[in-house]
Amino acid sequence: METLRHNLKVEPYPYQKEGILFGLEKKRLIIGDEPGLGKTLQSIGIADCANAYPCLVICPASLKINWQREFEKFTDKRALVLDNQTRTTWPYLLRMGVYQVAIVNYESLRKYFVWDIKTNGAFRLKDVVFCPEIRQFRSVIIDESHRVKDPSAQQTIFAKGITSGKPYIVLLSGTPVVNHPRDLVAQLSIMERLTEFGGRGKFLADYGEKDSDLSRLSELLYERCMIRREKKAVLTDLPDKTRVDLYVDISNREEYTVAENDLKKYLEEYTECTDVEIRRKMRMKALVKFMTLRSLSAKGKVKQAVDFISNHLASDRPLVVFCSYHEIVDELRKHFPKSVSITGRESIVEKQAAVDSFQAGRAKLAICSIKAAGVGLTLTASSSVAFVEFPWTYADCCQCEDRCHRIGQKANVTCYYLLGEQTIDHKLYQIIHEKKSIANQIMGTDDDIPTDRLYFDELANLFMPNATYQD
């Protein structure tokens, strides 16, 4: 416990300390806590207290930047997101201690860690030639590990080869068993614990039938390699609403940069203007440019939003997603045709039908527009809310969050904010959540940008911190 206090920058909750200590004892384990209970902090705590570096994190693409930020928030270690620029240099950067953590998404395992596959078509682990540099990893964290539940899938095979022989292997999943106990076979194999259950054949013979003694399986898992807590068991430690910031790459960086530079140039002209009336008109035009930046950031986040939503739904958990522009709603509906939508384009009857379908569990995803669904609706079938775009004010954020966080909700509500890396999202989010007294002055959930002078000055100052905005 003393090592834990010394290493981590952030003091964990008591149940999180329990998870870290369990991990330090077991070394190869599944942290299966329900979403929102801090599995990320616990896995980082295990790697850091064990000094199990270099550490490799395998995660969904939409969570790579978040993992980088979390490592640097909780520890004094530096994390490297693998990309084309570091494709050949990452082994050297880790070996020299420039970075202590490497982060990669599932789809890129082959790109960075596989040299060759000695067969065409379907292959097995013995056919894969891995990059020898993977030997330097002392720990591997696999986030959303239910994505490697299929033993024959390529990503599962690659994950198995990469983790082989590692001292610390930590799997994270709010739903380690998605459909059937067989979902655990590949995950136990990756942790090199399947032999403790007699191997694949015996495991399926013992627990693969409908009348299997699953209570015995649960007992063995908790004893040997799994820790899992439900929100209701630790609610005394938790706030009733948790916000999670997820920073993601945008796909239209060049277009966004052009628009941002145009805004900055315009703000420079604004600061040089001395005419009060002209400055007022210029403020209104600048607000339009701010809205354009938010729109471009939203469009650039769609790919990562799809990844995040897919990953969330794969664990069979309902989700409410908020957007602003119809274009974003339509794009998400294309990827998730079984979802329901609640926007300004549906009639009152259609909106209620969508709500009823979601509340009854017939639909697992509700895609909502901030303007049409931000007030008045009850969507307590989900305890998770995600913002691809978010309102301009703190009060309106709360209104949207409270579609799930209201009477009838029995669980802690987790609110995920997908923030475009190096975009207006971060600046706007600062105003919303750090300067509530300003952002809270205007409320209405109409998703129009506030024209309040004080709000404009705060937003403009984030782009031009040394400028003076006074008439």
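**Notebook: sheet and pockets**

I began with one strand pair: strand S1 (residues 28-31) runs parallel to strand S8 (residues 168-172), and 4 bridges join them. I noted that the model is a predicted one. For Ile 31 I looked up the bridge partner in S8, and found Leu 172.

Next I traced the sheet that holds this pair. The sheet is open, has 7 strands and pairs in parallel, in the order S3-S4-S2-S7-S8-S1-S9. I marked strand S3 (79-81) and strand S9 (226-227) as its edges, since each pairs on one side only.

I then asked which strands H4 touches where it packs on the sheet. I listed strand S2 (55-59), S3, strand S4 (101-105), strand S7 (139-143) and S8. The direction of H4 makes about 160° with that of S4.

I turned to the pockets. For the largest pocket I noted a volume of about 970 Å³. Its lining has 39 residues, and Gly 38, Thr 40, Asn 66, Glu 70 and Val 244 are the closest to the centre. Helix H4 (64-74) is among the elements that give two or more residues to this lining, as are helix H2 (14-26), helix H3 (39-49) and strand S10 (241-248). I sorted the lining of the largest pocket into 19 nonpolar, 10 polar and 10 charged residues.

The second largest pocket has a volume of about 490 Å³. I found 20 residues lining the second largest pocket, with Ala 61, Lys 64, Asp 249, Lys 303 and Gln 304 closest to its centre. H14 gives the most to this lining, 6 residues. My sorting of the second lining gave 4 nonpolar, 7 polar and 9 charged residues.

Methods:
Residues are numbered from 1 along each chain as its sequence is written. This is a predicted model: local features need pLDDT of at least 70, side-chain atom pairs count only at pLDDT 80 or more; totals for chains, interfaces and linings use all residues. Side-chain values use heavy atoms; hydrogens and water are left out. On a 1 Å grid over the protein atoms alone, a cavity is a set of points where a 1.4 Å probe fits but cannot get out, and a pocket is an open set with protein on both sides within 12 Å along at least five of seven lines; lining residues have an atom within 4 Å of a point. Grid points are joined across faces, edges and corners, and a volume is the space filled by probe spheres set on the points. Ala, Val, Leu, Ile, Met, Phe, Trp, Tyr, Cys and Pro count as nonpolar, Asp, Glu, Lys and Arg as charged, and the others, Gly among them, as polar. Two strands pair if DSSP finds at least two bridges between them. Contact means heavy atoms within 4.5 Å. Axes are lines fitted to C-alpha atoms, for helices over the stretch in contact, and angles run from 0 to 180 degrees between N-to-C directions.
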